[in-house]
Structures are given as C-alpha cells and as structure tokens.
Amino acid sequence: MIAFEPTDEQRLMVETVRQFAHEQMRERAHAADEARALPTDVIAGAWELGLIPSNIPEAYGGFGERHSALTGVLTAEALGEGDLAMALATLAPNLVAVPLLECGTEAQKETLLPGFTGDAPPRAAAALIEPTWNFDPCHLKTVAHRDGEHYVLTGRKAYVPLADQADLLLVYAHDAERDVPAAFFIQRNSEPPGGLGVGPREKLMGVQALPTFGLTLDEVSVPPAARLGGEKGFNLEKLLNYSRVALAALATGVGKAAYEYALNYAKEREAFGKPIAQFQAIAFMLAEMAIEVEAMQLHAWKAAWALDQGQAATQAAVLAKQYADEAVLTIADRAVQILGGHGYIREHPVERWLRDARGFATFTGLAMV
C-alpha cells in the first residue's frame, strides 16, 4: 500500500524550504536572471537549511539516518517554486553526494562524505551530459581505459554546473575494456590532473543565473581508487532514477509556481467588467493546469517512494520524468497566454518559467535527490 502522508519532520522541512523559496529565492530570481549570476548569500542560506547533510548518516558527519528520495523530492518541489537556477545550484552537491551514498565504497564514503556536512556548500559537481545530438547516458562517448596502474579518460562533457570552481568532479564514462558504465572522482583542489580543461561558460535559453560549462578530457589519468564503487562499479540506472525523480519534482515546483501566478493574475485582471478567471476559456486552462500539477506531483512521489522501498523503480521514474517534461512546458506556456501581452514582459516571472521549463527535456543528470 502506497502512503504519501509526510512525517512531522518532512512536513516541517517542506514548510521551511517553501517559505525560504518564496521569500528569498523568488524575490531575487528576476535580478539573478538578468545579471546571469547566482546571489551567493541566497545559496549560502539554502545550504544552511541542511537538506544534504540531513541525508548523510552520522557516521560520515551528517545528522540523518538514511538517504530518502521521497524527502528529497518533497524539498526539491518546494525549491522549484522559488527559482530553478538557484534550486539546481543548491542541489548541485547532491550530484556527488548521492552517488557516494548509494554506490560508493566504504573508503570513498569515509574520505569524501564528511566534506558535504560542513558550514558551507562543498565545491563539487558531476559531468554526465555530452554535447552530441544522440546523447544517451547508457552509451557514453567519453571513454575510460586502463593504462598500467591508472585509468585514462578521454572525451567531452556539457552542462556541468559550477565547474569553474569545483574542487571535486564526478565524471561519467564508458569502460572500454569491460563495456560497462564507469564514473571517476577527479580532485582539482590540490594537484589538478593534466588534460582536464574547463571551457567558457555556456549560454543557455533558461536558468541563466546558473553557470554551466563544458569539459574536455584529454587523456586524464586517475587512480583506480577514484572509480565510483571500486572495481565492482556501480548501478547507473539506479542513479538515473534518482535524477529523474529530482527533475520531475523540480518541474512540479516550476509548474505550480506558474499556475498559482496565472490564477492570481486571472482573479485580479478584469475585462468587460469581470475578472478574466470567470471567462470559460481562461477557467478551462486554469483547471487543466491544476490537474497537470497534481499529476506531476503524484508521479514523482510514487517513483521516489518505490526507490525508498528498494523496489524496481525505473518505469515509475521514467514515467514521472517524461510526464513532467511535457506538463511543465504546457503549464508555463498557458501561464504566459493567460497574462496576454504582460506574459511576454520580462518583469513578470512567467516568461522566465517558460524558458526554464523548456530545458527539462535536456537536463538529464543535472539534479539528484
């Protein structure tokens, strides 16, 4: 029996995150988007909420009992209501922390997880997406092969958040010898490996406050101990599911924000002597938007619940992600339509939400809970 009644702890955390998202993130979102820069004080404030350390067991310096995808989905949805760019920046450390928690060796957990429990967000990011038209996370073009005592990585990556300042990178590749997915931790804080290059900042249609970069790997050498999961490797599909539910939850937050903004506008905006919300065409659009928001929410919750129960969750996670990709775009587009000419003006957030919504179909691996 699936139960979605949140615990008192989950309810308190969601309320706290939602209040922060509305009062801090959304208030600064327009200026951040225009300046193409993250407000560092807001990101620092989001870190202080403890979303990531609360998923890390005490044995590794955190204050949680176990990693919960459902708790992560609930908080990601609340963050998405504030601003997608800031939400992705806030959750960026999870791109390394979650693979460590779920697939890392004991030595990797003991060494790296304490770095995700400090007073400031760790400078960590992951590189999965590749700049190819036929990108498939299960068939990567970036290749790793064994050369003596080391692995050597060659390839290109895109959409790597905060890569210019990351001290720790998790790079996904294809193990050429064993014909399986592989991922490697690359340390850049002490002695950066040769052959690793960070390209210029990418120019994106949406999430313009979030700095993302391309990476080039030209025979980058890493030790075997840097391989995620050690020589036995890791379960890529499991990690993709954590990413799928995270993105579905963020899309739900964006869709909910766009729906509520359009609803309030339609109640206040009058035409022919009555609020436009009372016109049938507008009322039908708002009703369909509300249905889509709840459907997205339930799909994400169901998939996250299955992950937490240790059940086969790929079908539910893929369905949640695919449904959210289309639904959030429909909701944001209708929000722009409901605002009419005002929807196309940058001072109203619906045009930003539409630009952000367009990106979800290409954000595979850009968030994880």
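Phe 363 is tucked away in this predicted model: its relative accessible area is 4%, and it counts as buried because the cut-off for that class is under 20%. Tyr 159 sits a little further out on that scale, with 21% relative accessibility, so it is classed as partly exposed. The rings of these two residues make an aromatic pair, with centres 6.2 Å apart and planes at 65°. That angle is over 60°, the cut-off for this class, so the pair is edge-to-face. Tyr 159 belongs to strand β3, while Phe 363 lies in the segment after α10 (350-358), so the contact ties together parts that are 204 residues apart in sequence. Phe 360 joins in as well, and Tyr 159, Phe 360 and Phe 363 form one aromatic cluster.

Six aromatic pairs turn up in the structure. Another of them brings together Tyr 151 and Phe 184, whose ring centres are 5.1 Å apart; their planes meet at 50°, so this pair is tilted. Here too the partners come from distant parts of the chain, with Tyr 151 in strand β3 (residues 150-161) and Phe 184 in strand β5 (residues 180-187), 33 residues apart. Both rings belong to buried residues: Tyr 151 has a relative accessible area of 3%, and Phe 184 comes out at 0%. Tyr 151 also has a charged neighbour, since Arg 146 lies over the face of its ring, 4.8 Å from the ring centre. A similar kind of arrangement involves Lys 274, which lies over the face of Phe 279 at 4.7 Å from the ring centre.

Next come the helices, starting with α3. This helix covers residues 69-82, 14 residues in total, and reaches 20 Å from its first C-alpha to its last, close to the 20 Å expected at 1.5 Å a residue. As for its surroundings, 14 of the 14 residues are buried, so α3 is largely enclosed by the rest of the structure. In general, an α-helix has 3.6 residues a turn, so residues three or four places apart point the same way.

Helix α3 also turns up in the wall of the largest pocket, where α1 (8-35), α3 and α8 (280-308) each supply at least two lining residues. This pocket holds about 430 Å³ of space. It is lined by 17 residues, and the closest to its centre are Glu 9, Gln 10, Arg 66, Ser 68 and Thr 71. The biggest contribution to the lining is made by α1, which gives three residues. By class, the lining of the largest pocket divides into four nonpolar, eight polar and five charged residues.

The second largest pocket has a volume of about 350 Å³. Its lining takes in 18 residues, and those nearest the centre are Ile 43, Pro 121, Pro 122, Leu 162 and Gln 165. Helices α2 (40-47) and α4 (84-91) and strand β1 (124-127) each provide at least two residues of this lining. The largest share is that of α2, with five residues. In this second largest pocket the lining is made up of 14 nonpolar, three polar and one charged residues.

Note on methods
Residues numbered from 1 in each chain as written. Predicted model: local features only at pLDDT ≥ 70, side-chain atom pairs only at ≥ 80, totals over all residues. Heavy atoms only, no water. Helix = DSSP H or I, 4+ residues; strand = E, 2+ residues; numbered from the N terminus. Expected span 1.5 Å × (residues − 1). Buried < 20%, exposed > 50% of the residue type's maximum accessible area, 1.4 Å probe, protein only. 1 Å grid on protein atoms, 1.4 Å probe; cavity = no way out; pocket = protein on both sides within 12 Å on 5 of 7 lines; lining within 4 Å. Points joined across faces, edges and corners; volume = space filled by probe spheres on them. Nonpolar A, V, L, I, M, F, W, Y, C, P; charged D, E, K, R; others polar. Phe/Tyr/Trp six-rings, centres within 6.5 Å; stacked < 30°, edge-to-face > 60°. Lys NZ or Arg CZ within 6 Å of the ring centre and 35° of its normal.
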